[in-house]
Amino acid sequence: MVEILKGVHSIDHSDKGDHSLETWILDCPQGTVIVDTAMRPESVDKIAAELKTMNKTWKDVKLILITHKHGDHVKNLPKVAELTGAPVKAHELEAPLIEKAVGVKVEGLKDGAILPHCGGIEVIHVPGHSEGNACYLLKAKKALIAGDTVFGDANGALTAPPEKYCLDVKQATKGIRRLLDYDYDYLIYTHGPDVMKDAKKKVAELVASCGV
Ligand SMILES: [Zn+2]
């Protein structure tokens, strides 16, 4: 059981020696939401096991949200979409790219759209890591799911996403500044330890250190 906040479950799919690779399950009154799907087949089993600890099944999942198109976030999407039958959504620029990558229908979301789940999930478009890279703000929980918009080292220091993984590293780094416009206490992201204290302060420090 890895419930990092009430109703927010985090699964680390990394093998020993890997950098961390998180995906999330949200326990919302409107139905269970899966955010990202990881890539290895055994990760599907990990998601199933976590659902079980929540007394849920695949059929309780009513929405799949994807942060962006990279393989470590979407390779299991066809399997997870099939098991759940749930609609898949991502930012409107990323949706066709994900469809092309994995052959699953993806509905496009606009920047600023607010999904009704868990007290409101706001879509924040931060391009640069990929075209339609998105963060998802869980407004009622004051938690920002940032995907690959930021990275972290083993000590928990936040960094911009590494250039080798970015479409446009300058745009990706500059875009982090946008995260200062929102209200959250927790920063949850894919590759590094989640920030469960002073999250916004840490993001502000990162923006300052990036000098953009
Ligand atoms: Zn990525």
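1. Start with Ile64 in this predicted model: across from Ile64, in strand E6, stands Val88. The two strands involved, E5 and E6, run parallel to each other and are joined by two bridges. On the E4 side, the residue opposite Ile64 is Ile34. E4 (residues 31–35) also pairs with E5 in the parallel sense, here over four bridges. To get from E4 to E5 the chain goes through helix H1 (residues 41–53), and the β-α-β crossover made this way is right-handed.

2. How many of the five residues of strand E5 are buried? Four of them are, so E5 (residues 61–65) is largely enclosed by the rest of the structure. That goes well with the next point, on the core.

3. The largest nonpolar core has 42 residues, and the members that touch the most others are Leu26, Ile64, Leu65, Leu77 and Tyr136. There is a second core apart from it, with 20 residues, including Val126, Leu144, Ala160 and Ala199. Worth colouring the two separately when you look at the model.

4. Leu65 is a good residue to click on. Beyond its neighbours within four places in sequence, Leu65 is in contact with Val33, Ile34, Val35 and Asp36, and also with Lys89, Leu109, Leu115, Ile121 and Tyr136. Two of these partners, Lys89 and Ile121, get their own points below.

5. Lys89 sits in strand E6 (residues 88–91). Buried or exposed? Lys89 is buried, because its relative accessible area is 16% and the cut-off for buried is under 20%. Leaving out residues up to four places away in sequence, Lys89 touches Leu63, Ile64, Leu65 and Ile66, along with Val106, Glu107, Leu109, Leu115 and Tyr136.

6. Which side chain meets that of Lys89 in a salt bridge? The partner is Glu107, with an N to O distance of 3.6 Å. This pair links distant parts of the chain, since Lys89 is in strand E6 and Glu107 in strand E7 (residues 107–109), 18 residues apart. The two ends differ in exposure: Lys89 counts as buried at 16% relative accessibility, while Glu107 is partly exposed at 40%.

7. Now Ile121, in strand E9 (residues 121–125). Ile121 has 0% relative accessibility and counts as buried. Not counting residues up to four places away in sequence, its contacts are Leu26, Leu65, Ala113, Ile114, Leu115, Tyr136, Leu137 and Leu138. Among these, Leu26, Leu65 and Tyr136 were named above as core members that touch the most others. If you want a distance to check, the C-alpha atoms of Ile121 and Lys141 are 9.6 Å apart, with their positions 20 residues apart along the chain.

8. Glu122 forms a salt bridge through its side chain with Lys139, at 2.8 Å from N to O. Glu122 lies in strand E9 and Lys139 in the loop between strand E10 (134–138) and strand E11 (143–147), so the pair ties together parts that are 17 residues apart in sequence. Glu122 counts as buried at 12% relative accessibility, whereas Lys139 is partly exposed at 37%.

9. The loop between E10 and E11 also holds Lys142. Lys142 forms a salt bridge with Asp183, whose closest O atom is 3.0 Å from the N. Asp183 is in the loop between H5 and strand E14 (186–189), and the two residues are 41 apart in the chain. Here both partners are partly exposed: Lys142 at 30% relative accessibility and Asp183 at 45%. For the overall tally, a search of the whole structure finds eight salt bridges, including the ones with Lys89, Glu122 and Lys142.

10. Last, the aromatics. How many aromatic pairs does the count come to? One. The rings are those of Phe151 and Tyr165, stacked with 6.0 Å from centre to centre and 10° between the planes. Phe151 is in strand E12 (residues 151–152), and Tyr165 is in the loop between strand E13 (158–159) and helix H5 (169–175), so the pair links distant parts of the chain, 14 residues apart. Phe151 is buried, with a relative accessible area of 8%, but Tyr165 counts as partly exposed at 34%.

Methods. Residues are numbered from 1 along each chain as its sequence is written. This is a predicted model: local features need pLDDT of at least 70, side-chain atom pairs count only at pLDDT 80 or more; totals for chains, interfaces and linings use all residues. Side-chain values use heavy atoms; hydrogens and water are left out. A nonpolar core is a set of buried Ala, Val, Leu, Ile, Met, Phe, Trp, Tyr and Cys residues joined through side-chain atoms within 4.5 Å. Buried means under 20% relative accessible area, exposed over 50%, partly exposed in between (1.4 Å probe, protein chains only). Contact means heavy atoms within 4.5 Å. Rings of Phe, Tyr and Trp (its six-membered ring) pair if their centres lie within 6.5 Å; planes under 30 degrees apart count as stacked, over 60 as edge-to-face and the rest as tilted. A salt bridge is a side-chain nitrogen of Lys or Arg within 4 Å of a carboxyl oxygen of Asp or Glu. Two strands pair if DSSP finds at least two bridges between them. A crossover is right-handed if, with the strands pointing away from the viewer, the path from the first strand over the helix to the second runs clockwise.
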